[in-house]
Amino acid sequence: MKTSIGIIGAGNIGKTAARHFVKAGYQVILSNSHGPESLQETILSLGGNSKAGTREEAAQADIVLLALPWSQLESLTTLTDWTDRIVIDATNHFITYAPDFQVADLGGRASSEVVQELLPGARVVKAFNTLYFKVLQADPAVGNGHRVLFLSGDDASAKAVVREVISSIGFAPVDLGTLDGGGKLQQAKGQLATLNFIQL
């Protein structure tokens, strides 16, 4: 059976990632804080192997993608036992948005390290957070190359799984190392945030 991907957060990034996953044949469970009924129109547009679910249902998938606002992260701690779950962290630690885009003071930690602390036992991989959603929406095949998606994490086997997912939807995965090192490059206001690279 094809791998299932639960997405928590149905904003621009969550819906865009869902579209790529469905196209590649993954079983997708899309969820938000408003309940499955609020996502029916989105699911109709996604088609394929997608369905709306509760956040608890999404958290039971083989892989869980976090695409929710930073302010809602703490609500995830009691959703499930996160032990050994592969969690793709696509969040950005914004506490305000346009025009100033302020980020939370994390005391020198990478934002994904904070996510790791909130979800004890999870195998967290940072990915899908650096590209503006309209760039992420576009065909990842560009000319003779593929658009790059960065990933970082402390668990090698979890990174291998996420790398395969990224490749299977047509992007070029580039591993930046650990959450502390690579994660800081990827996160909001990091050196690689918003940069659009093509791997030839």
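Which residue just after α6 takes a positive phi? G170 does, with a phi of about 100 degrees. The structure is a predicted model, in which local features need pLDDT of at least 70 and side-chain atom pairs count only at pLDDT 80 or more, whereas totals for chains, interfaces and linings use all residues. Residues are numbered from 1 along each chain as its sequence is written, and side-chain values use heavy atoms, with hydrogens and water left out.

## Overall fold

The protein chain has 7 helices and 10 strands; helices (H or I, at least four residues) and strands (E, at least two) are DSSP runs, numbered from the N terminus. With 200 residues, a compact globule would have a radius of gyration near 16 Å, and the 16 Å of the protein chain agrees with this. That radius is taken over C-alpha atoms, and the globule rule is 2.2 Å times the number of residues to the power 0.38. Along the principal axes, the C-alpha atoms fill a box of roughly 45 × 40 × 40 Å.

Buried residues make up 52% of the 200 residues, where buried means under 20% relative accessible area, exposed over 50%, and partly exposed in between (1.4 Å probe, protein chains only). Among contacts between residues at least 6 apart in sequence, 64% join residues at least 24 apart; contact means heavy atoms within 4.5 Å.

UniProt, in an unreviewed entry, places the feature "domain: Pyrroline-5-carboxylate reductase catalytic N-terminal" at residues 5–93. UniProt positions are given in the numbering used here, feature names are shortened, and annotations may be inferred rather than shown by experiment. Over residues 5–93 the chain is 26% helix and 22% strand, and the end C-alpha atoms of this stretch are 23 Å apart.

## Nonpolar cores

A nonpolar core is a set of buried Ala, Val, Leu, Ile, Met, Phe, Trp, Tyr and Cys residues joined through side-chain atoms within 4.5 Å. The largest such core has 35 residues, of which I7, F21, L65, F128 and I166 touch the most other members. Helix α1 (residues 12–23) gives the largest share of this core, 5 residues. Apart from it lies another core of 22 residues, including A59, L68, L76 and L119.

Not counting residues up to four places away in sequence, I7 touches G14, A17, A18, F21, V28, I29, L30, S31, A58 and L65. One of these, A18, is found in helix α1. With neighbours within four places left aside, A18 is in contact with I7, V28 and L46. The C-alpha atoms of A18 and V28 are separated by 6.7 Å, although the two residues are 10 apart along the chain.

## Selected buried residues

The table gives the place of three buried residues.

| Residue | Place | Relative accessible area |
|---|---|---|
| S31 | strand β2 (residues 27–31) | 0% |
| L39 | loop between β2 and α2 (40–46) | 3% |
| T80 | loop between β4 (63–66) and β5 (86–89) | 17% |

S31 and L39 touch each other. Beyond four places in sequence, S31 also touches I7, I8, G9, A10, G53, T54, R55 and A58. On the same basis, L39 touches A10, L30, S31, N32 and A52. The C-alpha atoms of L39 and K51, 12 residues apart along the chain, are separated by 8.7 Å. For T80, contacts outside the four nearest places in sequence are with A59, Q60 and R85.

## Helices α4 and α6

In helix α4 (residues 111–118), the buried residues are S111, S112, V114 and V115. Seen down the axis of α4, these fall within an arc of 150 degrees, so they line one face of the helix. The arc is that of the directions from the helix axis to the C-beta atoms. The buried residues of α4 pack against β4, β5 and β6 (123–127).

Helix α6 (residues 156–168) has 13 residues, which at 1.5 Å a residue should span 18 Å, and its end C-alpha atoms are 18 Å apart, which agrees. The expected span is 1.5 Å times one less than the number of residues. In α6, A158, K159, V162, V165 and I166 are buried. They cover an arc of only 120 degrees around the axis, which puts them on the same side of α6. An α-helix has 3.6 residues a turn, so residues three or four places apart point the same way.
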